[in-house]
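Work through the exercises below with the sequence and the structure open beside you. Each task is followed by a solution that goes step by step.

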Amino acid sequence: MGVRSRIEDGASRIAVGLAIVALAVLLVAPCSAQEKVRFPIGASSKTFSYGPLWLGQKLGYFEREGLDVQIVVMRGTPITIQALATESIYVANVGTDGVIGAVDRGLDLTMVGSLLNNLSMSLVAAKPYKTFDDLRGKTMGSQTITTGTGFALRLVLRAHGLEYPRDYQILNVGGVTDRYIALQSGQIAATPLSVPLDISAKQQGFNVLGYFADDLPNYFLNPYTVKRSWAEKNRTLVVRYMKAIVQTHRWLFDNRDAACVYLSKEMSMTVESCRFAWEYSVKTRVWDRNADLNLDGVRTMIKIVAEIAGQKEPLALPAKYIDQSYLKQAFAELAKK
């Protein structure tokens, strides 16, 4: 190792050490005096992209807002939306297409912020399949068929000339870990894997056929969603939750190394893989620094859902599906600190 490399390596170690100290300070910071309120939230997956949920809990941002946040990992969009509608959870992180479809069916839901502004996954195929056309007649693995990951998968395959169900089948396998196991066992020919799990898959000899974001730019994947009537009655709680989320997103953007010290352990990945995923997520705008809604992305999703459902113009405006007032109030209160 040359002198310059040793210096850079030492500087990197110092930066990581300082970041860990900063993380420790945050973890022991005193909590707010306000009474803690049980606040269950639902996530359809536990992967790196969903990291802000676990970071908000670990860093104490939820606690300082007086929220006892419990993260419930649920199997896909439909069951998570059902739990939100029945108030078993207070915030849901699910596919935007699923939220739009639910509102169109009359469910009382609204998007209040953004967890995933873009697609953070690639299509990974078993070793014999090196092109999209090789997947013709094969079975893909997904968590759902009509919403979330499954919905995006169908659009990506359509972009490469494959139509469902004419050209392939989809098997509801489960979350990303279950899908990777199914791919390894030969149960499925290909499946979406999130960054950076696709790196591990490639190292094992599987084929990364392409990144979803390349075929579906501006695809708004996953909002923070609430039941509108419940949120109106509990406005203070929702604003407190969004304040914690905004602070978590900002911290995540500003503290890559410290974030990866924790997330690499929580998500069972190497620190190097975590750093790669962080760089990819920031570069492709997977996260928004302020957890703000991507209005262009919402419009894109309205158009995509309408096309799939055979709806005609004029299409609904974003205001039907979103309520930015909670986030704006959170911004205002944070600015006073």
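**Exercise 1. Aromatic pairs**

Task: Find how many aromatic pairs this predicted model holds, and describe how the rings of Phe 39 and Trp 230 are arranged.

Solution. The count for this predicted model comes to 10 aromatic pairs. For Phe 39 and Trp 230, begin with the distance, which is 6.2 Å centre to centre, and then take the angle between the planes, which is 65°, an arrangement that is edge-to-face. Next, place the two residues along the chain: Phe 39 belongs to strand S1 (residues 37-43) and Trp 230 to helix H10 (residues 228-233), so that the pair links distant parts of the chain, 191 residues apart. Finally, check the accessibility of each partner, bearing in mind that buried means under 20% relative accessible area. Phe 39 is at 0% relative accessibility and therefore counts as buried, and Trp 230, with a relative accessible area of 9%, is buried as well.

**Exercise 2. Another partner for Trp 230**

Task: Decide whether the rings of Tyr 90 and Trp 230 are stacked or edge-to-face, and say which residues are linked into a cluster by ring pairs.

Solution. The ring centres of Tyr 90 and Trp 230 are 4.5 Å apart and their planes stand at 25°; because planes under 30 degrees apart count as stacked, this pair is stacked. The pair also links distant parts of the chain, with Tyr 90 in the loop between H4 and strand S3 (91-93) and Trp 230 in helix H10, 140 residues apart. Both Tyr 90 and Trp 230 are buried. Looking at the wider group, ring pairs link Phe 39, Phe 62, Tyr 90, Tyr 224, Trp 230 and Tyr 241 into a cluster.

**Exercise 3. Charges over rings**

Task: Locate the ring over which the charged end of Lys 127 sits, and do likewise for Arg 235.

Solution. Start at Lys 127, whose charged end sits over the ring of Phe 206, 5.6 Å from the ring centre. Then turn to Arg 235, where the charged end sits over the ring of Tyr 326, 4.3 Å from the centre of that ring.

**Exercise 4. The surroundings of helix H5**

Task: Establish how many residues of helix H5 are buried, what covers them, and how H5 crosses H14.

Solution. Helix H5 spans residues 96-104 and is mostly covered, since 8 of its 9 residues are buried. The buried residues are Thr 96, Asp 97, Gly 98, Val 99, Ile 100, Gly 101, Ala 102 and Val 103. Their cover includes helix H4 (77-85), strand S4 (109-116), helix H6 (148-159), strand S10 (222-227) and helix H14 (295-309). For the crossing, note that the axes of H5 and H14 come within 10 Å and cross at roughly 65°, which means that H5 is roughly perpendicular to H14. The contact is made by Thr 96, Asp 97 and Ile 100 of H5 together with Met 301, Ile 302 and Val 305 of H14, and the crossing is right-handed. Just after H5, Gly 106 takes a positive phi of about 105°.

**Exercise 5. Helices H11 and H12**

Task: Work out how helix H11 and helix H12 are placed relative to one another, and name the residues that make the contact.

Solution. The axes of H11 (residues 235-254) and H12 (residues 256-266) come within 6 Å and cross at roughly 105°, so H11 is roughly perpendicular to H12. From H11, the contact is made by Trp 251, Leu 252 and Asp 254, and from H12 by Arg 256, Ala 258, Ala 259 and Leu 263.

Methods
Residues are numbered from 1 along each chain as its sequence is written. This is a predicted model: local features need pLDDT of at least 70, side-chain atom pairs count only at pLDDT 80 or more; totals for chains, interfaces and linings use all residues. Side-chain values use heavy atoms; hydrogens and water are left out. Buried means under 20% relative accessible area, exposed over 50%, partly exposed in between (1.4 Å probe, protein chains only). Helices (H or I, at least four residues) and strands (E, at least two) are DSSP runs, numbered from the N terminus. Contact means heavy atoms within 4.5 Å. Rings of Phe, Tyr and Trp (its six-membered ring) pair if their centres lie within 6.5 Å; planes under 30 degrees apart count as stacked, over 60 as edge-to-face and the rest as tilted. A charge sits over a ring if NZ of Lys or CZ of Arg is within 6 Å of the ring centre and within 35 degrees of the ring normal. Axes are lines fitted to C-alpha atoms, for helices over the stretch in contact, and angles run from 0 to 180 degrees between N-to-C directions. Angles under 35 degrees count as roughly parallel, over 145 as roughly antiparallel, 65 to 115 as roughly perpendicular and the rest as oblique. A crossing is left-handed if the near helix is turned anticlockwise from the far one by less than a right angle, and right-handed if clockwise.
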